[in-house]
Amino acid sequence: MMKSKARYIAYSGLMLALCVLFQSLRVIFPFLATVPIVPPFDLSVLVVGTLVNLTLIVSVWTVGFWCGAAISALAPVIAFLQGFQKNPFMLIVIIAGNLSLVTVCYLLRSQKPFAVFCGASLKFLAQYGLLALVVAPLFIPEAKNLLLLFSWPQLVTAVLGAVLALLVWPKLKKLVK
């Protein structure tokens, strides 16, 4: 936990700003959205998703649970307001997945490799399960495409974000002490 309230607020703001910047890469680098991987996916799904997951994990480890939880909720809402997420019902799915990742990474923070891979798996299960069982049947006509989008790409981006977090954490923890 951070020692001073000012540092806590500063680092929390920095983590949220990084997350919003990463989400905005679709606008900064529009070519990301034109490089197809497997329809209906493009490169931006993998790049942005990976970097957002990295930010969620690092925010929990540097600032604490409440910072990670706040970013978990604020990032999808900001993406919705920016027009990156079109369906408001999907906010529930994305926030639930993000909170799953953040919670596991916080609770198991002393065992970081185990934490990130458990968190990534739980995020995938939470998002896909919530979408398949609740949101899609009740609210969303384009459920088939969303189920595909929230299948393996979510697991891949969560795992890639976890790997990046494990790679940057040893250097980053020296800076934030």
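Me: A helix here is a DSSP run of H or I with at least four residues, and helices are numbered from the N terminus. With that in hand, in which helix is the place of Ser-72?

Reply: Ser-72 belongs to helix α4. Keep in mind that this is a predicted model.

Me: How do I read the length of α4, with its 18 residues?

Reply: The idea is to compare the span from end to end with 1.5 Å times one less than the number of residues. From its first C-alpha to its last, α4 reaches 26 Å, close to the 26 Å expected. You can try the same check on helix α1 (residues 5-23): its 19 residues should span 27 Å, and its end C-alpha atoms are indeed 27 Å apart. Just after α4, look for Gly-83, which takes a positive phi of about 90 degrees.

Me: Is Ser-72 buried or exposed?

Reply: Burial is judged by relative accessible area, and the cut-off for buried is under 20%. Ser-72 has 0%, so the residue counts as buried. Other buried residues of α4 include Cys-67, Gly-68, Ile-71 and Ala-75.

Me: What is Ser-72 in contact with, leaving aside neighbours within four places in sequence?

Reply: Its partners are Leu-56, Ile-95, Asn-98, Leu-99 and Val-102. For the helix as a whole, the cover over the buried residues of α4 includes α1, α3 and α5. Seen from the other side, the buried residues of α1 pack against α2 (25-28), α3 (43-62), α4 and α8 (152-176). Tyr-11, Met-15 and Phe-22 are among those buried residues of α1.

Me: Which residues touch the most other members of the largest nonpolar core?

Reply: Here is the general idea: in soluble globular proteins, nonpolar side chains tend to be buried together. In this model, the largest nonpolar core has 26 residues, and Ile-57, Trp-61 and Ile-71 touch the most other members. At least two residues of this core come from each of α1, α3, α4, α5 and α8, and α3 gives the most, with 9 residues. There is also a second, separate core of 6 residues, which includes Val-93, Ile-94, Leu-146 and Phe-150.

Me: What does Trp-61 touch, not counting residues up to four places away in sequence?

Reply: Trp-61 touches Cys-105, Arg-109, Lys-112, Val-116, Ala-165, Leu-166 and Trp-169. Lys-112 deserves a second look: its charged end sits over the ring of Trp-61, 4.8 Å from the centre. A similar search on Tyr-106 finds Arg-109 over the face of the ring, at 4.0 Å from the ring centre.

Me: How many aromatic pairs does the structure hold?

Reply: The structure holds 4. One of them joins Phe-65 and Trp-66: the pair is edge-to-face, with 5.0 Å centre to centre and 75 degrees between the planes. As that suggests, a pair of aromatic rings is described by the distance of the centres and the angle of the planes. Phe-65 also pairs with Tyr-106, and since these centres are 5.6 Å apart and the planes stand at 55 degrees, the pair is tilted. This second pair links distant parts of the chain, as Phe-65 is in helix α4 (residues 65-82) and Tyr-106 is in helix α5 (residues 89-107), 41 residues apart. Together, Phe-65, Trp-66 and Tyr-106 form one aromatic cluster.

Me: Is Trp-66 buried or exposed?

Reply: Trp-66 has 63% relative accessibility and therefore counts as exposed. In the same cluster, Phe-65 is partly exposed at 21%, and Tyr-106 is partly exposed at 28%.

Notes. Residues numbered from 1 in each chain as written. Predicted model: local features only at pLDDT ≥ 70, side-chain atom pairs only at ≥ 80, totals over all residues. Heavy atoms only, no water. Phe/Tyr/Trp six-rings, centres within 6.5 Å; stacked < 30°, edge-to-face > 60°. Buried < 20%, exposed > 50% of the residue type's maximum accessible area, 1.4 Å probe, protein only. Lys NZ or Arg CZ within 6 Å of the ring centre and 35° of its normal. Contact = heavy atoms within 4.5 Å. Core = buried A, V, L, I, M, F, W, Y, C linked by side-chain atoms within 4.5 Å.
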